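Me: I have a structure open and want to learn how its features get their names. Can we go through it step by step?

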Amino acid sequence: MNQTFRRFVPASTLLGSAVAANLYAQETEETVKAVLVGCGGRGMGAAVDFLKNEQTKIIAVGDVFPDKTEAALKNFNLPKEAGFTGFTAYRQAIDYAVANGATYAILTTPPGFRPIHYKYAVEKGLNCFLEKPCCVDSYGYRMLMEVNKMADEKNLKIGVGMQRRHQAVYLKGYQEILDGKYGDIYMARVYWNQGGIPVRGTGEEPTEMERQIRNRYYFVWLCGDNILEQHVHNLDIGNWVLGKGDPLYHPVRANGMGGRQARKATPRAGQIFDHHFVEFEYEDGRRMFSQSRQMAGCWNQVTEYVEGLKGRGQVASKPEGRERQPNPYEVEHTDLLHAIRNNLAYNEGWIGATASMIGIMGRMATYSGQVITWEQAVNEGKTYMIYENHDALTLESDPPVLPGADGLYPIPVPGVSKEV
């Protein structure tokens with residue numbers, strides 16, 4: 001079983017490597033300067049992976065929470081004026097960074113915010129690294145597609161945190177499949193089955209907005225549910241193999257089932273399901289079967305398989321010998337930097353949008369209990385994120401979902417809930 005989990009790194013463990021990499025980098029004309037938008041564990045981890053590459057530097061940071069911004073300023077040894085907080089921190093940090101020579105944005109806030117931040121960064125002419133998933137609903141997907149076009153028109157380079165596509169064992173396995181190892185592929189099976197995930201924050205935050213963002217994995221408008229937030233990796237690999245690398249390849253229909261079997265109904269458990277099963281159908285009749293589960297004490301599996309006319313096996317191929325494999329979290333930045341420095345065509349925003357939309361379509365099928373087509377999902381899907389007047393939000397604003405009188409949040413009911 002190949003488990004390449006995203007690394008969520010406490011700020012305290014990053015002080016040595018982050019400060020050293022940023023403080024002692026010898027700045028030259030070749031130095032790629034970056035802004036970090038989203039200074040939580042994933043953001044700090046992505047920034048350190050970026051700094052593992054030579055001639056790189058973080059020059060500005062932004063986060064909705066002051067404590068996250070302050071920790072990042074300290075970790076990267078930046079002046080106070082290089083840090084920004086609040087819902088407009090992304091604009092302020094990007095503007096400051098561009099004015100000081102930045103050409104690279106690392107966008108790692110909760111994914112509901114990603115399309116908004118991506119659009120602004122591209123408008124300002126920045127090459128971008130987007131953490132996955134890249135959106136949480138259909139509106140966000142449509143926005144991503146428009147921004148991807150803008151990025152191409154501006155010759156900007158875009159990377160997405162689908163690290164498996166930069167991992168040696170996956171690249172080797174993918175090529176073996178293309179070369180006919182299993183014959184013509186007619187089915188993919190993809191899994192992200194694990195135990196429960198921790199509740200974050202204290203539950204005593206002063207406002208509902210802060211309470212939800214601190215505990216972002218439990219709210220659809222912020223993370224998209226686990227079929228999207230985590231399982232997007234596996235969905236991307238299955239789709240990658242079936243589509244032979246076409247970044248816009250996608251299933252045409254989805255049906256599935258899901259619910260909350262083990263996750264207790266408590267205020268801090270938010271609104272997401274703890275299990276999903278989806279059958280994705282492609283135009284030529286092939287299938288991708290998907291499992292995503294967060295339940296303790298159950299069978300765990302985080303990997304992808306394909307079945308062909310000559311056999312079946314994992315997509316990831318076993319490494320040869322005991323030679324240390326390159327870290328894919330660093331390689332995804334290395335590849336993006338290589339494209340920037342050599343002016344190569346490079347836009348993973350298309351695969352990020354497609355994989356995210358596949359997860360959204362699967363969630364729509366499990367939430368509603370209905371067959372969902374790609375056209376329905378893209379054009380008629382329910383909007384979860386706040387897009388209009390986003391910059392007017394504060395931590396005192398109401399989030400898109402509110403608890404009832406019992407403190408519990410509304411949970412989708414298959415057969416009753418409407419997603420289109």
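**How the labels are earned**

Reply: Gladly. This is a predicted model. Let us start with strands. Strand 8 and strand 13 (residues 372-373) are paired antiparallel, over two bridges.

Me: What makes strand 8 and strand 13 a pair?

Reply: Pairing needs at least two bridges between the strands. Strand 8 and strand 13 have two bridges, so they count as a pair. Within this pair, Arg-253 stands opposite Thr-373 in strand 13.

Me: How many bridges join strand 8 to strand 9?

Reply: Seven bridges, and the two strands run antiparallel. Met-257 has Phe-277 in strand 9 as its bridge partner.

Me: Which sheet do these strands belong to, and in what order do its strands lie?

Reply: They belong to an open sheet of seven strands, ordered 12-11-7-10-9-8-13. Its pairing is mixed. Strand 7 and strand 10, for example, run parallel and are joined by eight bridges. There, Asn-193 stands opposite Arg-293 in strand 10.

Me: Why are strand 12 and strand 13 called edge strands?

Reply: Strand 12 and strand 13 each pair on one side only. In the order of the sheet, they are the two ends.

Me: What lies across this sheet?

Reply: Helix 11 lies across strand 7, strand 9, strand 10 and strand 11. Helix 11 runs at about 170° to strand 7.

Me: What is the strand order of the sheet with parallel pairing?

Reply: That open sheet has six strands, in the order 3-2-1-4-5-6. Its edge strands are strand 3 (83-85) and strand 6 (158-160). From one strand to the next, the twist averages 20°. Strand 5 (residues 127-130) pairs with strand 6 over three bridges, in the parallel sense. Leu-130 stands opposite Val-160 in strand 6.

Me: Now rings. How many aromatic pairs does a search of the whole structure find?

Reply: It finds 14. One of them is formed by Tyr-191 and Tyr-305.

Me: Why is the pair of Tyr-191 and Tyr-305 called edge-to-face?

Reply: Check the distance, then the angle. The ring centres are 6.1 Å apart, and the limit is within 6.5 Å, so the rings pair. The planes stand at 80°, and over 60 counts as edge-to-face, so the label fits. Tyr-191 is in strand 7 (residues 185-194) and Tyr-305 in strand 11 (residues 301-308), 114 residues apart.

Me: How do you know whether Tyr-191 and Tyr-305 are buried or exposed?

Reply: Buried means under 20% relative accessible area. Tyr-191 has 8%, so Tyr-191 is buried. Tyr-305 has 19%, which is also under 20%, so Tyr-305 is buried.

Me: What makes Tyr-249 and Tyr-282 a stacked pair?

Reply: Their ring centres are 5.1 Å apart, within 6.5 Å, so they pair. Their planes are at 10°, under 30 degrees, so the pair is stacked. Tyr-249 lies in the loop between helix 11 (232-242) and strand 8 (253-259). Tyr-282 lies in the loop between strand 9 (275-281) and strand 10 (287-294). At 1% relative accessibility, Tyr-282 is buried.

Me: Which residues do ring pairs link into a cluster?

Reply: Phe-87, Phe-113 and Trp-221.

Me: Why is Arg-214 said to sit over the ring of Phe-65?

Reply: One test is distance: the charge must be within 6 Å of the ring centre. The charged end of Arg-214 is 3.7 Å from the centre of the Phe-65 ring, so that test is met.

Me: Why is Pro-66 called partly exposed?

Reply: Buried is under 20% and exposed is over 50%. Pro-66 has 38%, which falls in between, so Pro-66 is partly exposed. Pro-66 lies in helix 3 (residues 66-75).

Me: How do you know that the span of helix 13 agrees with its length?

Reply: Helix 13 (residues 349-368) has 20 residues. At 1.5 Å a residue, helix 13 should span 28 Å. Its end C-alpha atoms are 28 Å apart, so the two agree.

Me: What makes helix 13 mostly covered?

Reply: Of its 20 residues, 20 are buried. Gly-369 follows helix 13, with a positive phi near 75°.

Terms used: Residues are numbered from 1 along each chain as its sequence is written. This is a predicted model: local features need pLDDT of at least 70, side-chain atom pairs count only at pLDDT 80 or more; totals for chains, interfaces and linings use all residues. Side-chain values use heavy atoms; hydrogens and water are left out. Helices (H or I, at least four residues) and strands (E, at least two) are DSSP runs, numbered from the N terminus. The expected span of a helix is 1.5 Å times one less than its number of residues. Buried means under 20% relative accessible area, exposed over 50%, partly exposed in between (1.4 Å probe, protein chains only). Rings of Phe, Tyr and Trp (its six-membered ring) pair if their centres lie within 6.5 Å; planes under 30 degrees apart count as stacked, over 60 as edge-to-face and the rest as tilted. A charge sits over a ring if NZ of Lys or CZ of Arg is within 6 Å of the ring centre and within 35 degrees of the ring normal. Axes are lines fitted to C-alpha atoms, for helices over the stretch in contact, and angles run from 0 to 180 degrees between N-to-C directions. Contact means heavy atoms within 4.5 Å.
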